[in-house]
Structure formats: C-alpha cells, structure tokens
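Okay, everyone, thanks for coming. Let me put the sequence and the model up, and then we'll walk through it together.

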There are 2 protein chains.
Amino acid sequence: MSDLPASAGDEAAEYIERLGRLLASREHAAGLNPSQWEALRFLARANRFSRTPSGLALYLGATKGTVSQTVAALRRKGLVEAERSSADKRSLRLRLTAAGRQLMARDPLLGFALAIDSQGTQSADCLREALARLLGALQRQNGLRPFGLCRTCRHFGRGEGAEPVRRPHRCRLLEVDLAEFEAGQLCSEQDAA
Amino acid sequence: MSDLPASAGDEAAEYIERLGRLLASREHAAGLNPSQWEALRFLARANRFSRTPSGLALYLGATKGTVSQTVAALRRKGLVEAERSSADKRSLRLRLTAAGRQLMARDPLLGFALAIDSQGTQSADCLREALARLLGALQRQNGLRPFGLCRTCRHFGRGEGAEPVRRPHRCRLLEVDLAEFEAGQLCSEQDAA
DNA sequence: CCTAGATACTTTCGACTCGCTACTAAAATC
DNA sequence: GATTTTAGTAGCGAGTCGAAAGTATCTAGG
C-alpha cells in the first residue's frame, strides 16, 4: 500500500523510533525520566555483582558521571539505597527500597506490555523474537554487552541433586555459589553459552 | 527460558525501550538529536498542508514552543528552509533544503532498517505488522493523530481516467486537487477510510 | 467597520540531562 | 613502595523541553 518507506525494515524501524519516543513521554509523565526508569528496572533484575553504578553505566551505555547523577536522583527520591561494598571499599552496592519496588507497579512499560499482549499470543511472540534478535545484533554491532541471564552463561554451573538437599549453582568465573533465584538475574559478565 | 519478565509483552516492551534508547544515542552521534531527525523525516514525507510548525507539533506530540526551537535549530544548520504562507501570513511552510535531503542518506534509522531486513522477510514483515498495530493502538489510547497516508483517507477522491489525460485526485475536506505524488504523503488531517 | 477571541508562531525562563574533564580514594600490579 | 587502574563524585557547559507570556494575523459577531 505505501511506497515511500521502501522495505519492511524501513517501516519497522520508523515504528520503533516512534514507539520509543511515545514511551519516553509516558515515562516522563510518570515522574521519572527514561534513564531513571531503566535504572530502576535494571536494579530490580540484576544480580548482586552487577548492581553497582559501574554495572549500570555498562547497561545503559552511559558514562560514569551521568550514571552517578541518575543514581543520586533516585536516592534523593528514596527509590534506591546504596551501601559500600565491604570487599571493595570504592564500590557501591545499589538496591531498590520498598518505595522503589512499589513504584515499579506504575511503570509505563506495563501499559505497553498490555497493549502488546492484547494483540494475541502469536503477534506478541513474533514481536518478542524479532526484537530480541534485533537488539542482540545491534548491541554486538555497537560493542555493548548483552547482559543476559546468569543461567544461560557459559560460566554457569548448575547445582546437582534434588530439592531438599541440593548443591547450589555456581559461577565459575567469579568462583561463588549462587542461590536459585540468582540464576534468573541479569549479569554484566554474562557470556552466552 | 526466562521467568522474571512474565509475558511476551513484557519482554517485547522492554526491547522496544532499549532499542529506542540505542537509536537515540546513534541519532545523537549522527549530529542531530532525536526530535530533529524525526522532524526531518516528517518534512520529507508530509504533504504541503501538514508541513508547518503546527503540523510538526501534532506529529511529534510536542508543544509549539519546543517545535519552534527544533525548527530554528534545523534552519540554523541549513537543513530546512521556511517561507510565509501567502494565504495565511501567520503560517510557515517548511521544506527540506538540498543539504537536508542529503543528510537523510545518513539517517541512523537506515542502519536499523538494514538490521531488520537482514533477519529475513518473514521476520521483518511480522515485525512491521505487529509494530504498526501497536503504534496505532497506543496513539488512539493517548489521543494522538495517526498521520496516515493521504491516499487511505476517507476524504480522498481518486482521480478518474487513464494516464495521459486523467483528472487529478482530490481532497474533499480541503477542497483541493492533488498531484499523484501527494497521494502518498502524510497528512495531519488524515482519517482512515 | 470593529472589536473579541481564536490561531500560528516566537521568546524567555527555569528545571533538567548528559557528556566532559578533573578529582579523590581504593585496589591491583610491578 | 611506586605506578597504574578502577570506582565513584563534582562541577561545568551545551543543549533540550515545557510552561507561560507575547506578537501578529485571521475570523466571526454585532
């Protein structure tokens, strides 16, 4: 029907841009700016090794200076709290406060998710697959880390045994044991198997 | 495989956000900010009735004051030129300069389009369809105009006759004749048939 | 005609963002 | 122990964007 956007990719890229801008304006209206929302989402899902200003900078592709200000803003608003790492006294461990977790229930992204799911499972699945591939390809192309799930990393060692008495999972890179829930978190060191 | 993002929509929404941010940073690196790129793309594809600061404000969902500054920046950079409308001396007609058209060949969106198309026609088509529906749904939900193609509008009257001698197309809303190429442009008044 | 209000756009201001450079402190390396 | 690297902060400056106020022009009602 249309002719000026030549390929499906052209059109799709345009839609991504416009959806991104629409989302950004909703995020702004919801009280935080897009980076702050992204930071909140990251902190909610990243493992303890990645939940630092540096990890956040890697994830967001921003400089440390910028991230420092984002974190300062979130702490001022009482959404995030920080504590010096005992192992490395330069390092800050960040985590959401109760208020931060509460705010995530009003994440504008949820509205988008709803709109996507309401178009049917098939459409949503197709969208997820295609976007995941695209993001992966572009991240590689731009030299950014994928920040995948711990569980799917080549350094991940699955725990052995059945539920009541099982040995824990283990990260062979950092040489630490991992709880079950940590296997589903994001990691800045993740390297797909 | 994953479990924290509960539905396909959740994951897909997250990808859209991250792709949007990635695109924005590429756009910035390419010398213009995201709004300025969007404005350029809009001006390249909108019809003469919509190619004004007001039309742009509607399209971008921004205030007129903000758009005024975007346009001023683009004029300073020599990418856009403007001329007072003779019919309404308050109104500005905007259009790309040769430099503006040239710059569009370096639109970062083209890299995205390439990445999408390189994943195969099926994936790209699916993506385009799903994103188009999503954008439409969210625009309705947010009270934004869709800015569709003139040709697909309920006010559009197709020209009659064969090529050498044909009557022109016509917009029954504005009561004006339309050239063939204008039928494929964006219009702020567009209302899908 | 002429005044009131609507409309198109600009200007100014203020809050905020983000990258940059420079800095401190702690850790790692040699 | 000296040097380099790494984690994070501070302050500056360019620039963005929205809100509100201002100017110019158009339109409608009396």
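So, which helix supplies the largest share of the surface near DNA strand D? It's helix 4 of chain B, with 5 residues. Quick housekeeping: this is a predicted model, where local features need pLDDT of at least 70, side-chain atom pairs count only at pLDDT 80 or more, and totals for chains, interfaces and linings use all residues. Residues are numbered from 1 along each chain as its sequence is written, with chains lettered from A and ligands numbered from 1 in the order in which they are written. Helices, by the way, are DSSP runs of H or I with at least four residues, numbered from the N terminus.

Let's stay on strand D. There are 22 residues around it, and A:Ser54, A:Gly65, A:Ser68, B:Gly65 and B:Thr66 come nearest. "Near" here says that a residue's C-beta atom, placed from the backbone, lies within 6 Å of the strand. Helix 3 and helix 4 of chain A, plus helix 4 (64–76) of chain B, each give at least two residues to that surface. By type, the surface near DNA strand D has 5 nonpolar, 12 polar and 5 charged residues. For that split, Ala, Val, Leu, Ile, Met, Phe, Trp, Tyr, Cys and Pro are nonpolar, Asp, Glu, Lys and Arg are charged, and the others, Gly among them, are polar.

Now over to DNA strand C. It has 23 residues around it, the closest being A:Gly65, A:Thr66, B:Ser54, B:Gly65 and B:Ser68. Helix 4 of chain A and helix 3 (53–60) and helix 4 of chain B each put in at least two residues. The split near DNA strand C is 5 nonpolar, 13 polar and 5 charged.

How do the two chains relate? A turn of 180 degrees and a shift of 0.0 Å along the axis lays chain B on chain A with an RMSD of 0.1 Å, superposed by least squares on C-alpha atoms of residues with pLDDT of at least 70 in both. So the copies are related as by a two-fold rotation axis. In chain B, the C-alpha nearest that axis belongs to B:Gly20, at 2.3 Å.

Last bit: helices 3 and 4 in chain A. The axes of helix 3 (residues 53–60) and helix 4 (residues 64–76) come within 9 Å and cross at roughly 110 degrees; axes are lines fitted to C-alpha atoms, for helices over the stretch in contact, and angles run from 0 to 180 degrees between N-to-C directions. That's why the two helices of chain A are roughly perpendicular, a label covering 65 to 115 degrees.

Methods
Angles under 35 degrees count as roughly parallel, over 145 as roughly antiparallel, 65 to 115 as roughly perpendicular and the rest as oblique.
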